[in-house]
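Student: I'm new to this structure and would like a close look at just one part of it. Could you pick a helix and walk me through it?

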Amino acid sequence: MPNSNEMTVIASKGTLDWAYPPFILASTGIAMGKEVTVFCTFYGLNLLLKDLTHLRISPQGNPDMPMKMPFGPKWFQAIDFSQKIPNIFWNIPGMEIFATRMMLKTFKNNGMASIEELRSICVEMGVKFIACEMTMGMFGFSRDDFIEGIEFAGAATYLDVADKSSQDLFI
């Protein structure tokens, strides 16, 4: 029988922009008094690594991503360049790094917490994180690559938790 006080999230994406949803949902759920478990699998394992500086935005994979400049006069910042830049532009070497830097500046300008800060908040508040052991083996990760305080288990463990949960989200 599902427990209305439990929530699970499957985090399967590992880019900078996709790191925010699982941490925002998990921290909100736990702040609302829910027991929250986040199962990180495939590229979502990146969210539990000690070092997150490698996380990038993938503008080519997000063709409708709003692209506004986080600097300059207000009229310049209001221009949505995503509608004016062809997708092939993102294939130019260095553009992914440029997009990542612009997104990080946008987050900072808007007072958003960093991924590291959101993750720390989740850990401190008691969100349970599970790193998928099968994916770890497939990608060659060791337990030492990950932050302290997480669990290492497989899909069966997640499914046991999800079986008792009333909210299960896939990101």
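**A close look at helix H3**

Tutor: Happy to! The buried residues of helix H3 are Met 95, Ala 99, Thr 100, Met 102, Met 103 and Phe 107. Seen down the axis of H3, these buried residues fall within an arc of 165°, so they line one face of the helix. A general rule helps here: an α-helix has 3.6 residues a turn, so residues three or four places apart point the same way.

What does that face meet? The buried residues of H3 pack against helix H1, residues 16–31. Turn to the other side of H3, and you will find Arg 101 and Lys 108, which are exposed.

Keep in mind that this is a predicted model. In it, H3 runs over residues 95–109, 15 residues in total. From its first C-alpha to its last, H3 reaches 21 Å, close to the 21 Å expected at 1.5 Å a residue.

Now follow the chain past the end of the helix. H3 is followed by Gly 111, and the phi of Gly 111 is positive, near 70°.

You may also like to look at the partner helix, H1, which spans residues 16–31. Trp 18 has a charge over its ring: the charged end of Lys 13 sits there, 5.5 Å from the ring centre.

To put the picture together, H3 has one face lined by its buried residues, a packing partner in H1, and the exposed Arg 101 and Lys 108 on the other side.

Key: Residues are numbered from 1 along each chain as its sequence is written. This is a predicted model: local features need pLDDT of at least 70, side-chain atom pairs count only at pLDDT 80 or more; totals for chains, interfaces and linings use all residues. Side-chain values use heavy atoms; hydrogens and water are left out. Helices (H or I, at least four residues) and strands (E, at least two) are DSSP runs, numbered from the N terminus. The expected span of a helix is 1.5 Å times one less than its number of residues. Buried means under 20% relative accessible area, exposed over 50%, partly exposed in between (1.4 Å probe, protein chains only). The arc is that of the directions from the helix axis to the C-beta atoms. Contact means heavy atoms within 4.5 Å. A charge sits over a ring if NZ of Lys or CZ of Arg is within 6 Å of the ring centre and within 35 degrees of the ring normal.
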